[in-house]
Protein chains: 2
Amino acid sequence: MRLIVCFLSLLAVLGPAECGNVLVWFSDGSHWINLKIVLETLIERGHSVTVLVPDASLFMKAKESDHFSYQPFNASMDEQEVRNFIEEFVYFSVYETDQLNLLQLLMKVYKFASIIQDMSISYCDGILKSPELMDKLRNGMFDIVLSDPMYPCSDIVAEELNVPLVYTFRLSIANVLERMCGQLPAPPSFVPGVMSKLTDKMSFTERIFNMLFYLSQDFLASLAWRKFDSYYTEYLGRPTSYCEMMGKADIWLIRIYWDFEFPRPFLPNFKYVGGLHCSPAKPLPKDMEEFVQSSGDDGIVVFTLGSLVDKMPKELSNKIATALAQIPQKVLWRYGGEKPDTLGENTRIYKWIPQNDLLGHSKTRAFITHGGTNGIYEAIYHGVPMVGIPLFGDQPDNLVHIKARGAAVRLDNIKTMEPQDLVNGLNTIINNSSYKENAMRLSRIHHDRPVKPLDEAVFWIEFVMRNKGAKHLRVEAHNLTWYQYHCLDVFAFLITILTVVLYVFFIMCKFFIMRCCFRSKNKKSKKE
Amino acid sequence: MRLIVCFLSLLAVLGPAECGNVLVWFSDGSHWINLKIVLETLIERGHSVTVLVPDASLFMKAKESDHFSYQPFNASMDEQEVRNFIEEFVYFSVYETDQLNLLQLLMKVYKFASIIQDMSISYCDGILKSPELMDKLRNGMFDIVLSDPMYPCSDIVAEELNVPLVYTFRLSIANVLERMCGQLPAPPSFVPGVMSKLTDKMSFTERIFNMLFYLSQDFLASLAWRKFDSYYTEYLGRPTSYCEMMGKADIWLIRIYWDFEFPRPFLPNFKYVGGLHCSPAKPLPKDMEEFVQSSGDDGIVVFTLGSLVDKMPKELSNKIATALAQIPQKVLWRYGGEKPDTLGENTRIYKWIPQNDLLGHSKTRAFITHGGTNGIYEAIYHGVPMVGIPLFGDQPDNLVHIKARGAAVRLDNIKTMEPQDLVNGLNTIINNSSYKENAMRLSRIHHDRPVKPLDEAVFWIEFVMRNKGAKHLRVEAHNLTWYQYHCLDVFAFLITILTVVLYVFFIMCKFFIMRCCFRSKNKKSKKE
């Protein structure tokens with residue numbers, strides 16, 4: 001069957017594809033949602049795709065409808081443990097952070113970081129320390145490993161299978177992974193650290209903050225990676241590090257583009273494929289379409305806080321519902337909690353909404369979002385201005401990007417927010433035409449590129465399979481130490497030489513002056 | 001007519017094109033050869049193209065067959081003057097450089113640099129100081145200015161016409177223009193300066209040399225640009241600089257790609273479109289094809305030293321002919337000088353050869369080249385290994401790139417070269433299969449990209465016209481001073497703070513120690 005699809009794809013409009021065998025590393029949440037679309041296209045183009053999936057996965061579920069093979073593995077934890085952890089983490093991030101003092105906050109962050117590390121290592125063990133699974137993978141004749149570097153150890157398996165590695169990635173805090181392991185340059189003077197909430201236009205104090213942000217994150221990362229460094233060194237039986245292994249990746253598919261990201265230096269093996277999951281809107285379900293049409297000229301507002309936060313305290317949901325009741329638009333709100341008492345007649349609550357189809361609807365006037373990258377990209381794709389209520393992680397920073405481009409109003413804090421703030425935000429982006437114009441400008445930038453992002457991602461995955469890697473795109477910086485990279489040894493040498501030359505010059509001057517003085521003295525004394 | 005072509009192109013397979021009006025800055029030599037292909041494609045896609053051409057141009061000749069309009073201007077020098085200068089410059093570069101002492105060399109280089117500057121300013125005057133021409137341009141309703149930044153003042157005209165500017169560029173020495181004016185990052189630890197003849201794998205001494213090369217070129221450039229800075233400031237009536245104005249370009253189309261260039265950091269508005277002039281081979285003229293076929297299994301060698309060097313001293317041409325007579329291949333030699341006495345039966349001399357068609361011929365085994373970028377790209381396109389005899393300019397450095405990739409043997413000096421060196425070089429690349437394999441690998445990299453280079457160049461020119469610029473791709477570094485860019489002000493501030501903190505800490509320690517000692521002394525004395 002695979003060969004037939006492969007042969008057909010050779011003839012089809014999709015263009016030629018040499019059918020390969022793709023091993024996909026486990027991932028979860030929005031990482032998996034994004035990756036899945038790439039995998040579906042690879043399948044359509046005749047490739048064979050095998051996905052490693054742990055027992056305890058929330059999003060990666062083997063479905064009959066999927067055309068890729070799932071290869072399960074045991075990760076010594078159950079789904080409920082993972083779910084509990086995520087719920088605790090989200091609750092902490094959204095509701096607790098400003099109730100704790102610095103010490104409590106640091107302790108809690110340390111606790112979460114430790115749990116995440118332990119979970120990661122447990123996943124690694126589940127694959128690397130299962131001889132049966134590793135044998136199966138070795139015999140699987142894979143051509144490539146495709147992974148999100150948030151989930152470690154794929155680089156070890158790529159090395160063990162002797163196949164190239166392609167990453168698909170959104171971000172790490174202050175780009176520590178991309179900078180320190182991928183060698184992505186980021187001058188702190190105009191490249192704001194990811195999650196610093198800065199733009200590329202920084203004042204002097206902001207540049208100081210940005211520099212300290214980079215330095216502190218580099219320091220914390222090098223501490224946090226020690227556990228992985230030991231794990232990698234022990235497993236591979238040679239001194240190595242988490243970062244060194246990650247740096248061996250052939251291509252980094254970065255899930256943003258210049259519609260969202262501030263322009264910055266990058267490398268030939270970093271491909272910016274943001275918005276690859278976006279697609280034209282499909283028709284809405286009948287009752288939803290009727291509700292949307294009933295909005296008349298005022299149009300609709302689409303509201304979601306993402307898949308991880310679909311419940312909230314009653315008081316908060318009432319506050320939001322009160323605000324929404326005050327606007328002339330109809331509102332479609334994705335919400336899994338109890339119906340708020342103050343819900344207006346213009347607002348309907350849905351357990352799930354076809355977000356992309358709603359954002360692409362001609363009646364849509366605004367999008368209230370928590371600022372997740374996937375949602376922001378759907379809004380950019382369809383040119384919809386946003387009101388951002390960031391909750392945690394990269395969301396506040398994401399919204400800074402869209403606000404800086406004049407396509408969003410950003411509210412600071414979901415807990416302290418007043419109904420009037422939300423009403424004002426919505427009225428601003430709906431009634432001040434510059435927001436819609438800026439959103440449309442971003443949409444034009446998004447669509448107007450030489451290759452569609454999904455096609456570009458698939459192209460580079462296939463390129464790596466066809467050419468057994470893409471090492472010609474990998475900078476030599478990977479083979480330099482940090483002091484060589486920054487030319488500190490060269491500067492030290494040049495300064496030493498300069499000092500010696502100046503010193504010799506000084507000694508010679510002194511010698512000649514002394515000699516002159518001595519001679520003139522001698523002459524004087526002779527005359528006397 | 002233009003509108004009809006435009007409309008047809010909207011429907012044709014070429015894809016949609018919004019028909020624009022392109023003003024092309026004058027250029028010459030290989031710069032013009034490369035640019036012309038882009039212009040022809042723009043015409044095919046329904047755009048209107050007007051080319052500024054000086055009276056004294058060697059390559060830009062208005063031809064009946066061209067579909068673009070030529071707009072002549074007077075540059076207060078005649079064609080013979082330009083021709084004499086180029087001949088003198090080439091003769092100096094190829095034959096004189098190693099016969100002069102350092103002082104003579106520097107004086108000669110200074111003389112040439114001054115003449116080039118004067119010629120450039122004379123060209124600028126020809127356009128900017130002709131009120132009729134400037135009025136004509138202002139009324140020309142242009143959508144874009146397209147230029148090679150080697151030929152200055154296009155940025156001034158773009159500003160005067162209030163239209164975006166796109167550069168098409170090969171290189172400046174040590175990338176001074178791209179780095180200092182375009183903000184292209186180039187860490188000296190792994191990005192060899194253009195024309196330094198270094199690769200990206202540098203030893204400690206090579207890194208020192210590279211650093212000094214960058215520093216010296218930056219210094220020389222800032223001296224050389226002073227004349228332009230004054231000219232720009234005077235013309236625009238405000239303090240500005242050559243570099244500042246150049247930095248306003250929307251897109252830099254760089255005429256290399258990662259098949260040739262060592263991987264390096266770059267910017268979102270730098271698009272690498274190397275090899276855009278290459279195309280599949282067309283059939284050869286009948287008599288040439290017969291000669292090629294007569295080579296049998298041995299195949300042919302294609303030999304040219306470029307359009308600027310088509311004559312050489314008799315002694316040298318005899319040496320080369322002697323070498324060529326010793327190989328079993330048939331040789332097609334583009335040469336405009338007198339027939340060498342030692343010409344073998346296997347060698348034929350042509351005033352002109354269809355270089356691309358010959359390189360794409362199945363019988364072609366090797367290419368003897370001076371190392372010009374256009375020729376190298378045709379060889380990469382067709383996967384032909386090379387023997388390089390670099391003459392001047394970027395040619396020695398270009399050949400270092402291809403040699404580092406194992407697809408070329410590079411001879412050092414055309415004058416001291418012995419016939420056997422050329423024979424050995426040819427035998428090596430023809431008989432050692434690794435050279436052909438590496439050339440084919442480069443060819444695969446060249447062809448295997450998401451968009452063809454010509455299409456990519458045209459895409460970004462059209463993008464800029466459609467969107468009235470591409471400022472979203474231009475880094476904020478353009479608005480920073482050199483010390484802000486390198487964070488020197490931030491470091492100075494942080495070091496000052498650190499020093500103050502340490503000093504206060506030291507003073508406090510001293511104070512407490514003194515107090516402790518004083519107290520214990522007091523106690524002691526009381527006890528006593």
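**Interface of chains A and B**

I started with the area shared by the two chains: chain A and chain B bury about 4300 Å² between them, and 72% of that area is on carbon and sulfur atoms. I am reading a predicted model here. I then looked up which residues give chain A its share. Asp448(A), His472(A) and Glu476(A) supply 14% of the area that chain A buries against chain B, more than any other three residues.

Next I checked the contacts. I find 46 residues of chain A in contact with 46 residues of chain B.

**Charged and polar pairs across the interface**

How many salt bridges does the rule find across the interface of chain A and chain B? I get six. I picked out a pair with Asp448(A) in it, as this residue had already come up for its buried area. The side chain of Asp448(A) meets that of Arg466(B) in a salt bridge, at 2.7 Å from N to O. My background note on such pairs: side chains of opposite charge can pair when their charged atoms come close.

For polar contacts between chain A and chain B, I count nine residue pairs, with both residues at pLDDT 80 or more. I also asked which helices of chain A each supply at least two residues of the side that touches chain B. They are α8 (204-224), α17 (433-447), α18 (453-466), α19 (482-485) and α20 (488-527). Sorting the residues of that side of chain A, I get 31 nonpolar, four polar and 11 charged.

**The annotated span**

I turned to the UniProt record, an unreviewed entry, which annotates residues 490-513 of chain A as "transmembrane region". In the model this span is 100% helix and 0% strand, and its end C-alpha atoms lie 34 Å apart.

**A salt bridge within chain A**

Over all chains, my search of the whole structure gives 43 salt bridges. One of the pairs I looked up is Arg255(A) with Asp148(A), where the closest N and O atoms are 3.5 Å apart. Arg255(A) sits in the loop between β6 (251-254) and β7 (270-272), and Asp148(A) in the loop between β4 (144-147) and α6 (154-161), so this pair ties together parts of chain A that are 107 residues apart in sequence.

**How far I trust it**

The mean pLDDT of chain A is 91, and 93% of its residues reach 70 or more. For the complex, the predictor gives an ipTM of 0.92 and a pTM of 0.93. I flagged residues 10-17 of chain A, where pLDDT stays under 50. The model has 13 contacts beyond four places in sequence for this stretch. My reminder to myself: where pLDDT is low, the predicted coordinates should not be read in detail.

Technical notes
Residues are numbered from 1 along each chain as its sequence is written. Chains are lettered from A and ligands numbered from 1 in the order in which they are written. Side-chain values use heavy atoms; hydrogens and water are left out. pLDDT is the predictor's confidence in each residue, from 0 to 100. Contact means heavy atoms within 4.5 Å. Buried area is the accessible area (1.4 Å probe) that two parts lose on being put together, summed over both. A salt bridge is a side-chain nitrogen of Lys or Arg within 4 Å of a carboxyl oxygen of Asp or Glu. A polar contact is a pair of N or O atoms within 3.5 Å; within protein, one must be able to donate a hydrogen and the other to accept it, and residues adjacent in sequence count only if both atoms are side-chain atoms. Helices (H or I, at least four residues) and strands (E, at least two) are DSSP runs, numbered from the N terminus. Ala, Val, Leu, Ile, Met, Phe, Trp, Tyr, Cys and Pro count as nonpolar, Asp, Glu, Lys and Arg as charged, and the others, Gly among them, as polar. UniProt positions are given in the numbering used here, feature names are shortened, and annotations may be inferred rather than shown by experiment.
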